[in-house]
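Open your viewer, get comfortable and keep the selection box handy. We will go from stop to stop, each time with something to select and something to look for.

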Amino acid sequence: MATTDVALQIRPVAPTLGASVRGIDVRTIDDATFELVRDAFREHRLLVIKDQSLSPEELMAWGERWGDLLVHPLTPHIDGFPSVQAIQNTGKKTTINEHWHTDMSFEPRPPKMTILHALAVPELGGDTAFSDQHAAYDSLSDGLKAMLDGLQAVHAAVGLARIVGKDPRDAPRAVHPVVRTHPDTGRKALYVCRAFTQHFEHMTGSESRGLLEFLYERSYRPDFTHRHKWEQGDLVMWDNRSLLHYAIHDHGDDPRLLHRITVQGEVPV
């Protein structure tokens with residue numbers, strides 16, 4: 001992506017998604033440079049902003065430049081900062097993000113964006129993988145695209161509720177289109193994930209299973225993905241309307257601490 005700002009460097013990291021960003025401090029970024037970053041986010045849908053050092057207040061201030069911040073309905077936050085969560089290594093048996101998903105799709109207005117700030121990372125492992133759902137949709141046949149058009153699916157936080165000790169019957173749930181149109185670009189993307197999608201609306205789980213399994217497998221085909229290796233100070237932000245992600249727990253007991261915020265999105269259409 002071309003830019004006239006010699007300090008700002010934006011470089012793609014994978015064929016279909018993602019870019020690294022260097023040469024800025026998000027605490028002091030001016031409005032003109034912020035617009036360049038916004039354009040890059042719209043184009044690449046995943047930005048890795050290098051060498052940032054942010055307090056929770058500063059992380060929230062950066063997120064608020066993109067929209068209203070959300071409070072997660074099930075998992076805890078940092079004391080005094082309701083929109084900031086600490087994502088840390090508590091062991092592989094208790095990890096809750098080792099699956100392909102889009103954040104909080106069980107909400108009527110899921111977050112448009114998730115932002116993670118790396119405070120401590122293992123020397124090896126602990127990567128996060130991302131998969132391009134526009135590319136996944138584009139790879140489908142015209143016949144299947146026509147079948148999916150207008151189809152909706154039920155999303156619910158049933159498994160997450162069990163993990164955090166809540167009654168799964170009270171888990172938040174929502175109904176969303178299986179194919180959603182991005183409000184900024186007009187591109188279509190698959191919008192299902194194994195973590196939260198329960199079944200197609202007006203169908204049973206068994207009736208839905210075959211097609212959903214096909215869509216899940218298609219959604220993270222290797223040529224649609226990028227695997228990010230974390231470095232301390234990375235500020236990674238991605239578009240939940242366009243991408244799935246998967247937190248890989250292969251680092252044993254090595255410390256890994258990230259601060260997480262999400263930015264309010266719109267009702268999927």
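On this tour, contact means heavy atoms within 4.5 Å. With that in mind, remember that you are looking at a predicted model.

**Stop 1: colour by confidence**

Colour the chain by pLDDT to begin. The mean for the protein chain is 93, and 97% of its residues reach 70 or more. Now select residues 1-5, where pLDDT stays under 50. The model has 10 contacts beyond four places in sequence for residues 1-5. Where pLDDT is low, the predicted coordinates should not be read in detail.

**Stop 2: the sheet of 7 strands**

Switch to cartoon view and find the open sheet of 7 strands, which pair in a mixed way in the order β1-β2-β3-β13-β5-β15-β4. At its edges are β1 (9-12) and β4, each pairing on one side only. From one strand to the next, the twist averages 25°.

Next, select β5 and β13, which are joined by 5 bridges in the antiparallel sense. Show Met113 and you will find Asp239 of β13 opposite. Strands of a sheet pair through backbone hydrogen bonds, either parallel or antiparallel.

Now bring in the helices. α1 packs on this sheet and touches β1, β2, β3, β5 and β13; the direction of α1 makes about 135° with that of β3. α2 lies across β3, β5, β13 and β15, and runs at about 30° to β15.

**Stop 3: the largest nonpolar core**

Which residues have the most contacts inside the largest nonpolar core? Select Trp62, Trp66, Ile115 and Met237 to see them, within a core of 28 residues. Two or more residues each come from β2 (19-22), α1 (31-44), β3 (46-49), α2 (56-64), β5, β13 (235-239) and β15 (257-263). The element that gives the most is α1, with 4 residues.

Centre on Ile115. Beyond four places in sequence, Ile115 touches Leu59, Trp62, Gly63, Leu235, Val236, Met237, His259, Arg260, Ile261 and Val263. Apart from this core lies another, of 17 residues, among them Ala135, Val179, Leu215 and Phe224.

**Stop 4: Trp66**

Go on to Trp66, in the loop between α2 and β4 (85-88). Is Trp66 buried or exposed? Trp66 is buried, because its relative accessible area is 6% and the cut-off for buried is under 20%. Show the residues around Trp66: past four places in sequence, its contacts are Phe34, Val37, Arg38, Phe41, Lys112, Met113, Met237 and Val263. For a distance to try in the viewer, the C-alpha atoms of Trp66 and Ala32 are 14 Å apart, with these positions 34 residues apart along the chain.

**Stop 5: His117**

Return to strand β5 (residues 113-120) and select His117. His117 counts as buried, because its relative accessibility is 2%. Look for a polar atom of the His117 side chain, 3.1 Å from the backbone oxygen of Gln52. Residues in contact with His117, beyond four places in sequence, include Ser53, Leu54, Asp234, Leu258 and His259.

**Stop 6: Ser131 and strand β14**

Move to strand β6 (residues 128-132), where you will find Ser131. Ser131 counts as buried because its relative accessibility is 0%. The Ser131 side chain reaches the backbone oxygen of Ser219 at 2.6 Å. Past four places in sequence, Ser131 also contacts residues including Leu17, Trp100, Tyr220, Phe224 and Leu244.

Now add β14 to the view: β6 and β14 pair in the antiparallel sense over 5 bridges. One pair to pick out is Ala129 with its bridge partner in β14, Tyr246. Strand β14 (residues 243-247) is largely enclosed by the rest of the structure, because 4 of its 5 residues are buried.

**Stop 7: the sheet of 3 strands**

Finally, select the open sheet with the order β8-β7-β11, whose 3 strands pair in the antiparallel sense. Its edge strands are β8 (173-177) and β11 (197-200), each pairing on one side only. On average, neighbouring strands here are turned by 30° against each other, direction ignored. Zoom in on β7 (residues 152-156), which pairs with β11 over 3 bridges. End the tour at Val154, which stands opposite His199 in β11.

Note on methods. Residues numbered from 1 in each chain as written. Predicted model: local features only at pLDDT ≥ 70, side-chain atom pairs only at ≥ 80, totals over all residues. Heavy atoms only, no water. Buried < 20%, exposed > 50% of the residue type's maximum accessible area, 1.4 Å probe, protein only. Polar contact = N/O pair within 3.5 Å; in protein donor to acceptor, adjacent residues only side chain to side chain. Pairing = 2+ DSSP bridges. Axes fitted to C-alpha atoms, helices over the stretch in contact; angles between N-to-C directions. Core = buried A, V, L, I, M, F, W, Y, C linked by side-chain atoms within 4.5 Å. pLDDT = per-residue confidence, 0-100.
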